[in-house]
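Good morning, colleagues. I would like to use these few minutes to discuss charged side chains and their surroundings. Please look at the display before I begin.

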Amino acid sequence: MLTKARKTALAAVTLSALALTACGGDNSSTDAGAGSDLGLVNEGTLTVCSEIPYVPFEYVEDGEYTGFDIDLITEIATGMGLETEIQQQGFEAIQGGTAVSANMCDLSASAVTITPERAERLLFSEPYYDSLQTLMVPKGSDISGIDDLAGKRVGVQQTTTGAAYAQENVKDAEIVEYPGDGELFQAIQGGSIDAILQDIAVNTSHTKEGDFDIVEEYETDESYGFATKKENTALIEEVNTQLAELQDNGKYDEIYNKYFAE
């Protein structure tokens, strides 16, 4: 399913690149101004807001920010002739648009699902990743799917599409919201909740030690995009151009396989 998701995202990026080329977009022009026409918070730097940790998309390893989103946005910034600065922000400020509208950052890169509601507040790039929602439980649990959650405590991350899915589809269970995946995972490790409902890649990262299992997947037609303030079309056009270039030169595949190859 991840392979299918990657192909869908890449196809969307390629279509965006063709559209930009038809309008006269030229990747070679970005280095000269180092972002001077992009309305950047700090000249010469792409300042990026991200809610950390959210493995494997953004997290800290050996004192450095890393992850699929971080590596991808760093390559995008490099292609634009810019340095990259990562700013940690809560997901509420990111998905709600506060982070970019208040000039905390130029762009959000934080596994943000593109939704109609968010698109009213934010300007999104072309999709770069498609996702599923999943249900994860401790190994040996008697929960085998969403129908077994009655009377249980189900953990979700607040203001996410996973939380929305749980509110709409989980019946007769207590839904417990946490500010981030770090707190969410600690809760299930400590036995405070019986299951976690969230994105497939993040839940999958928690199953690698063998203590937890994903027991059900949910097709929700979700795609992630990078986001900026509504009026900054110049920045999003450059981001889309660089996404297409990374697809063409194989760098997108290299980064994708680093985090998602089986």
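Let me start with a definition: a residue counts as buried when its relative accessible area is under 20%, as exposed when that area is over 50%, and as partly exposed in between. Please also bear in mind that this is a predicted model.

How many salt bridges does the structure hold? There are six. As a general remark, side chains of opposite charge can pair when their charged atoms come close.

I turn to R153, which forms a salt bridge with E174, the closest N and O atoms being 2.9 Å apart. This pair links distant parts of the chain, for R153 lies in strand β8 and E174 in strand β9, residues 174-178, with their positions 21 residues apart in numbering. Is R153 buried, exposed or partly exposed? Its relative accessibility is 29%, and therefore R153 counts as partly exposed. E174 has a relative accessible area of 42%, so E174 is partly exposed as well.

Next comes the pair of K152 and D142, a salt bridge in which the closest N and O atoms are 3.6 Å apart. Both residues sit in the loop between β7 (129-138) and β8 (153-157), 10 residues apart. K152 is partly exposed, because its relative accessibility is 23%. D142, at 60%, counts as exposed.

The third pair takes us to the helices. The side chains of K258 and D71 meet in a salt bridge, at 3.0 Å from N to O. K258 belongs to helix α11 (residues 251-260) and D71 to helix α3 (residues 68-79), and the two are 187 residues apart. Which partner is buried, and which is exposed? D71 has a relative accessible area of 17%, so D71 is buried. K258 reaches 56% and is therefore exposed.

Besides these pairs, there is a network of salt bridges that links E75, K251 and E254.

Let me close with helix α3. Its buried residues are F68, D69, I70, D71, L72, I73, I76 and A77. At 1.5 Å a residue, the 12 residues of α3 should span 16 Å, and the end C-alpha atoms of α3 are 17 Å apart, which agrees. Just after α3, G81 takes a positive phi of about 75°.

Thank you for your attention.

Conventions. Residues numbered from 1 in each chain as written. Predicted model: local features only at pLDDT ≥ 70, side-chain atom pairs only at ≥ 80, totals over all residues. Heavy atoms only, no water. Salt bridge = Lys/Arg side-chain N within 4 Å of Asp/Glu carboxyl O. Helix = DSSP H or I, 4+ residues; strand = E, 2+ residues; numbered from the N terminus. Buried < 20%, exposed > 50% of the residue type's maximum accessible area, 1.4 Å probe, protein only. Expected span 1.5 Å × (residues − 1).
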